[in-house]
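Thanks for coming. I will talk through one structure, part by part. Please look at it while I speak.

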Amino acid sequence: MQKDRPREELSRLRSTLGNRLAELRRVLRVVFGRSALVKGNVYELARKCGKPNCICTRGELHRSMVLTWSEKGKSRLLSLPSERVAEVQKKSKEYLRFRRARARVTEIHRDLLALLDRIEHLRREEPLR
Ligand SMILES: [Zn+2]
């Protein structure tokens, strides 16, 4: 009875290992993609321009679509012409998906190493003397 337990655990570990590998393959799909990635977030910015008699001083703020991202610790901003908003939005979403996948790969990687260590522990035998 006691002897069967490592075998049961090994079989469970192997099955978990297979699941993690399948998940890794799924997560990496976005990495195998070919579409362009744009780092940053697209959103609508509403602001005052600073001219003393402009309508924005009466609450009608100037609205424009911008892309913001950080570069070497600095926050950057770029105004987007309306004809490019949809395209940049799509690429920035893809970038986000890519980065999420990367974060998940880190976790899966950690899981895989823990699984491998446990499997090694269960399979290891003292050297024959
Ligand atoms: Zn204004």
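A salt bridge, as I use the term, is a side-chain nitrogen of Lys or Arg within 4 Å of a carboxyl oxygen of Asp or Glu. One example here joins Arg76 and Glu71, whose closest N and O atoms are 3.1 Å apart. Please keep in mind that this is a predicted model.

How exposed are the two partners? Arg76 is partly exposed, at 36% relative accessibility. Glu71 is also at 36%, and counts as partly exposed.

I will come back to charges. The sheet comes next.

As general background, strands of a sheet pair through backbone hydrogen bonds, and they can do so in parallel or antiparallel fashion. In this model there is an open sheet of three strands, in the order 1-2-3, and the pairing is antiparallel. Which strands are at the edges? They are strand 1, residues 41–47, and strand 3, residues 74–79, and each of them pairs on one side only. From one strand to the next, the twist averages 40°.

Now the pairs themselves. Strand 2 covers residues 62–71, and seven bridges join strand 1 to it. Two positions show how the strands line up: Glu44 has Met65 as its bridge partner in strand 2, and Asn41 stands opposite Thr68 in that strand.

On the other side, how many bridges join strand 2 to strand 3? There are six, and these two strands run antiparallel. One position to find is Leu67, whose bridge partner in strand 3 is Leu78. Strand 2 and strand 3 form a hairpin with two residues between them. In that turn, Lys72 has a positive phi of about 50°.

Back to charges, still on the sheet. Arg63 and Glu44 meet through their side chains in a salt bridge, at 3.1 Å from N to O. Arg63 belongs to strand 2 and Glu44 to strand 1, so this pair ties together parts that are 19 residues apart in sequence. Is Arg63 buried or exposed? Arg63 is exposed, with a relative accessible area of 56%. Glu44 comes out as partly exposed, at 45% relative accessibility.

Next, helix 3, which spans residues 82–123. Helix 3 packs on the sheet and touches strand 1 and strand 2. Its direction makes about 130° with that of strand 1.

One residue to look at in helix 3 is Ser92. Ser92 has a relative accessible area of 8%, and buried means under 20%, so Ser92 counts as buried. What is Ser92 in contact with? Leaving aside neighbours within four places in sequence, the contacts of Ser92 are Val38, Gly40, Asn41 and Val42. We met Asn41 a moment ago, opposite Thr68.

Helix 3 also has a salt bridge within itself. Lys91 and Glu87 both lie in this helix, four residues apart, which is about one turn. Their closest N and O atoms are 2.8 Å apart. Lys91 is partly exposed, at 25% relative accessible area, and Glu87 is partly exposed at 30%.

Now the nonpolar cores. The largest has eleven residues, among them Leu10, Leu17, Leu24, Val27, Ala101, Ile108 and Leu115. Helix 1, residues 4–27, and helix 3 each supply at least two residues of this core. Take Ile108 as a place to start looking. Apart from neighbours within four places in sequence, Ile108 is in contact with Arg20, Glu23, Leu24 and Val27. Another core, of six residues, lies apart from the largest one, and includes Leu67, Leu80, Val85 and Val88. Leu67 is the residue we saw paired with Leu78.

Glu23 comes up again, in a different role. Glu23, Arg104 and Glu107 are linked in a network of salt bridges. Across the whole structure, how many salt bridges does a search find? The count is nine. The general idea behind them is that side chains of opposite charge can pair when their charged atoms come close.

Last, the cysteines Cys54 and Cys56. Cys54 is buried, at 15% relative accessible area, and Cys56 is buried at 0%. How many disulfides does the structure hold? It holds zero.

That is the end of the tour.

Key. Residues are numbered from 1 along each chain as its sequence is written. This is a predicted model: local features need pLDDT of at least 70, side-chain atom pairs count only at pLDDT 80 or more; totals for chains, interfaces and linings use all residues. Side-chain values use heavy atoms; hydrogens and water are left out. Two strands pair if DSSP finds at least two bridges between them. Axes are lines fitted to C-alpha atoms, for helices over the stretch in contact, and angles run from 0 to 180 degrees between N-to-C directions. Contact means heavy atoms within 4.5 Å. A nonpolar core is a set of buried Ala, Val, Leu, Ile, Met, Phe, Trp, Tyr and Cys residues joined through side-chain atoms within 4.5 Å. Buried means under 20% relative accessible area, exposed over 50%, partly exposed in between (1.4 Å probe, protein chains only). A disulfide is a pair of cysteine sulfur atoms within 2.5 Å.
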